[in-house]
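Grab a coffee and load the model in your viewer. Here is a short set of exercises to work through, with solutions you can check as you go.

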Amino acid sequence: MSAHWFTYETADLAAEACARQILLRLEEALSGHSMATLAVSGGSTPKLMFGHLARHRFEWDRVHLFWVDERMVPPASGESNYRLAEETFLKPAHFPHRNVHRIHGEMRPDAAAEHYTREIERVFDLEEGQVPRFDVVHLGMGADGHTASLFPGEPLIESKEGIVSAVLVEKLAKWRVTLLPAVLLKASHVVMLVAGADKADPLKQVTEGAYEPLRYPAQIIPHHARHVTWFVDKPAAMMTSVLT
Ligand code: 6PG
């Protein structure tokens, strides 16, 4: 397990550095394989990062793109993580459609989770029960310490197997589909992009607090991920000693 931390004056500088790291790690993966795999999160911060990814010329035809999680809405919905990426990254980067593996938010949650599991097994050529190793997984962190769609109190945060699950997010009273910890922790590289003063307290708890993953789900990353690099803006870093 190795961790690196980088703090930036602004969210956009953090997002730009995160985008560069993603490209670097994808480049590394492509030096040894014909294809690379990337899973991205949604929310608002990633919008900055997607813009930076789109501005770099890259061999996107050699990258399979997946999502860390998705809201149960149609792809055209303003809440869709897929739509956010489509508008700010896929379209401007001319990302090949055949390499895009979205979570079908328009389906019933359990059906969408099953469909996404089968898609991952097909692209990674997995046996039943095997867990994929993504080259890069991009994660954010919510002001409540959630990551992916693993929110405080979600018992799946302690699961050790499985690829995808539908989860009912009690606080939102909404269903989501999310990659499970086994996948997040197996990734060759995790990049964590965290920005905003509202993340300062949870970031301190996640990086320095007692290990309570049910309370702060994002803690599983610094505690158990193989390799994680944090890209944080100063407002989010202001309470965390390792980042200031
Ligand atoms: C989602 C995201 C979610 C996100 C955090 C942080 O679907 O909302 O996948 O896990 O990473 O909510 O979002 P921000 O970086 O926009 O605050």
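The exercises below go from the whole chain to one helix, two histidines and the ligand. Keep in mind that this is a predicted model.

**Exercise 1. Work out how the radius of gyration of the protein chain compares with what the globule rule gives for 244 residues.**

Step 1: Start with the inventory. The protein chain has eight helices and 10 strands.

Step 2: Put the two values next to each other. The radius of gyration is 16 Å and the globule rule gives 18 Å for 244 residues; those are close, so the chain is as compact as a globular protein of that length.

Step 3: Add the outer dimensions. Along the principal axes, the C-alpha atoms fill a box of roughly 45 × 40 × 35 Å.

Step 4: Look at burial and surface. Of the 244 residues, 58% count as buried. The chain exposes about 10600 Å², with carbon and sulfur atoms supplying 52% of that.

Step 5: Finish with the contacts. Take those between residues at least 6 apart in sequence: 76% of them join residues at least 24 apart.

**Exercise 2. Check the span of helix α4 against 1.5 Å a residue, then find what covers its buried residues.**

Step 1: Helix α4 runs over residues 109-123, which makes 15 residues. The expected span uses one less than the number of residues, so the helix should span 21 Å.

Step 2: Compare with the model. The end C-alpha atoms of α4 are 21 Å apart, which agrees.

Step 3: List the buried positions. In α4 these are P109, A112, A113, Y116, T117, E119, I120 and E121.

Step 4: Find the cover. It includes the strands β3 (63-67), β5 (100-101), β7 (164-169) and β8 (174-179).

Step 5: Step just past the helix. There D125 takes a positive phi of about 55°.

**Exercise 3. Is H64 buried or exposed, and which side chain does its own side chain make a polar contact with?**

Step 1: Place H64 in strand β3.

Step 2: Apply the cut-off. Buried means under 20% relative accessible area; H64 comes in at 15%, so it counts as buried.

Step 3: Go through the neighbours. Setting aside residues up to four places away in sequence, H64 touches M35, A36, T37, L38, N99, H101 and V123.

Step 4: Pick out the polar partner. The side chains of H64 and H101 make a polar contact at 2.8 Å.

**Exercise 4. Do the same for H227, and find how far apart H227 and H4 are in sequence and in space.**

Step 1: H227 sits in strand β10 (residues 227-233). Its relative accessibility is 13%, so H227 counts as buried.

Step 2: Beyond its neighbours within four places in sequence, H227 is in contact with S2, H4, R25, S188, H189 and V190.

Step 3: For H4, the separation is 223 residues in sequence but 8.4 Å in space, C-alpha to C-alpha.

Step 4: The polar partner is H189, with the two side chains in polar contact at 3.1 Å.

**Exercise 5. Which residues are closest to the ligand, and how much of its accessible area does the protein cover?**

Step 1: Around the ligand there are 15 residues, the closest being S44, T45, D69, A148 and K199.

Step 2: Go over the polar pairs to ligand oxygen atoms. An N or O atom in the T45 side chain is 2.7 Å from one, a polar side-chain atom of D69 is also 2.7 Å from one, and for H146 the distance is 2.9 Å.

Step 3: Close with coverage. On its own the ligand has 410 Å² of accessible area, and the protein covers 91% of that.

Definitions and conventions
Residues are numbered from 1 along each chain as its sequence is written. This is a predicted model: local features need pLDDT of at least 70, side-chain atom pairs count only at pLDDT 80 or more; totals for chains, interfaces and linings use all residues. Side-chain values use heavy atoms; hydrogens and water are left out. Helices (H or I, at least four residues) and strands (E, at least two) are DSSP runs, numbered from the N terminus. Buried means under 20% relative accessible area, exposed over 50%, partly exposed in between (1.4 Å probe, protein chains only). Contact means heavy atoms within 4.5 Å. A residue is near a molecule or strand if one of its heavy atoms lies within 4 Å of it. A polar contact is a pair of N or O atoms within 3.5 Å; within protein, one must be able to donate a hydrogen and the other to accept it, and residues adjacent in sequence count only if both atoms are side-chain atoms. Accessible areas come from the Shrake-Rupley method with a 1.4 Å probe; for residues, only the protein chains shown count as cover. The radius of gyration is taken over C-alpha atoms; the globule rule is 2.2 Å times the number of residues to the power 0.38.
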